[in-house]
Amino acid sequence: MDAYNILVVGVGGQGVLFASEAIGEAALESGFNVRVAEVHGMAQRGGSVVCNVRLGERVHSPMIPEGESHLIIALEPLEALRYVRYMNRETLIAVNSNAVIPPGLIISGGRYPSLSEIVKGIGEVSKNILIVDALSKAKEAGSPAAQNVVMLGLVSASGKLPISSEILKKTVTQLVKRKFQDVNRRAFEIGFKSYMEALNSSSLYLTGKL
C-alpha cells in the first residue's frame, strides 16, 4: 500500500499527541511501516498542535505533502480550516464541533467563525465531512478529556482507516493507566456508534458521500 496519510490537528491540551501515538502504535501492530512528525505550536498556551502520521509498506518521509491527506482528525473546528491546504476532494475530515477560542482572538476582540462558516470553508475542498459533538460524547463516557478517543472511534467506524477497530481500541486502552481504561474504552465505543448517528442525522454536518 502506498503511504496512507493522517493529519491530527487541535490545540494544546486536547490530546492530539495521544491520538497520533495510538494510531501509530496500532499501525505498527498491524504490520505497517509508520512515521510520525509532531509540530507543537504554542501548545502550553492553547496554541495549534499538528501531527503527521504516515503508514504503509514503505514510507520515506514523516511529512505529509500538501493536498495529500487521506484523513484529517480535527479536535477543534478552526484547526480543521487552518490545515485546509492538506485536503483534497477525497479527504475524509472528522471534526469535533467544540470550539476552543484562541486567547489572542479574545484579547484582540476578533470574531471566531461560526461552525457553518468553517464547514463552508473546508467544504470547498472536500465534501466528506463528519462533525460530531465529541465533548458531550466524552462526558457520556465518563470524562470530557476523552474527546480525542471519541474521535478515534468515529473515524474507525468509517472504515477509511486501514487499521482494524479491535486493534485500535485495544491500543488506546493499553496506552492509558489502568484507572482510565474503562472510560477510554467506553469513549471509543461511543465514538464508533456516533458514526451511524452522524450518517442519519441532519443536525450533524455530513455534506458529501463518504
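This is a short dialogue about reading a few features of a predicted model.

Student: Let's begin with strand 4. Which residues of strand 4 lie on one side, and which on the other?

Tutor: Here is the general idea to start from. In a regular strand, side chains point alternately to one face of the sheet and then the other. In this model, strand 4 covers residues 71-74, with L71 and I73 on one side and I72 and A74 on the other.

Student: Are those residues buried or exposed?

Tutor: L71, I73, I72 and A74 are all buried, and both faces of strand 4 are covered.

Student: How many bridges join strand 4 to strand 1, and how many to strand 5?

Tutor: Take strand 1, residues 4-11, to begin with: 4 bridges join strand 1 to strand 4, and the two run parallel. Look for I6, whose bridge partner in strand 4 is L71. Then turn to strand 5, residues 92-96, which is also joined to strand 4 by 4 bridges and runs parallel to it. There, I72 has I93 of strand 5 as its bridge partner.

Student: What do strand 4, helix 2 and strand 5 make together?

Tutor: They make a β-α-β unit, and its hand is right-handed. Helix 2 spans residues 77-82.

Student: Now for helices. At what angle do helix 5 and helix 6 pack?

Tutor: Helix 5 (residues 134-141) meets helix 6 (residues 147-157) at about 105°, and their axes are 8 Å apart. Because angles of 65 to 115 degrees count as roughly perpendicular, helix 5 is roughly perpendicular to helix 6.

Student: Which residues make that contact?

Tutor: From helix 5 come A134, L135, K137 and A138, while helix 6 brings Q147, V150 and M151. Sorted by class, the contact has 5 nonpolar, 1 polar and 1 charged residues.

Student: How many residues of helix 6 are buried?

Tutor: The count is 11 of its 11 residues. Among them are N148, L152 and S156. After helix 6 comes G159, which has a positive phi, near 80°.

Student: Let's finish with one residue. Where is T171 placed, and why does T171 count as buried?

Tutor: T171 sits in helix 7, residues 165-175. Buried means under 20% relative accessible area, so T171, at 3% relative accessibility, counts as buried.

Student: What is T171 in contact with, leaving aside its neighbours within four places in sequence?

Tutor: Its contacts are A22, E25, A26 and E29. You can also try a distance: T171 and A37 are 134 residues apart along the chain, and their C-alpha atoms are separated by 19 Å.

Methods
Residues numbered from 1 in each chain as written. Predicted model: local features only at pLDDT ≥ 70, side-chain atom pairs only at ≥ 80, totals over all residues. Heavy atoms only, no water. Buried < 20%, exposed > 50% of the residue type's maximum accessible area, 1.4 Å probe, protein only. Pairing = 2+ DSSP bridges. Right-handed = clockwise from strand over helix to strand, strands pointing away. Axes fitted to C-alpha atoms, helices over the stretch in contact; angles between N-to-C directions. Parallel < 35°, antiparallel > 145°, perpendicular 65-115°, else oblique. Contact = heavy atoms within 4.5 Å. Nonpolar A, V, L, I, M, F, W, Y, C, P; charged D, E, K, R; others polar.
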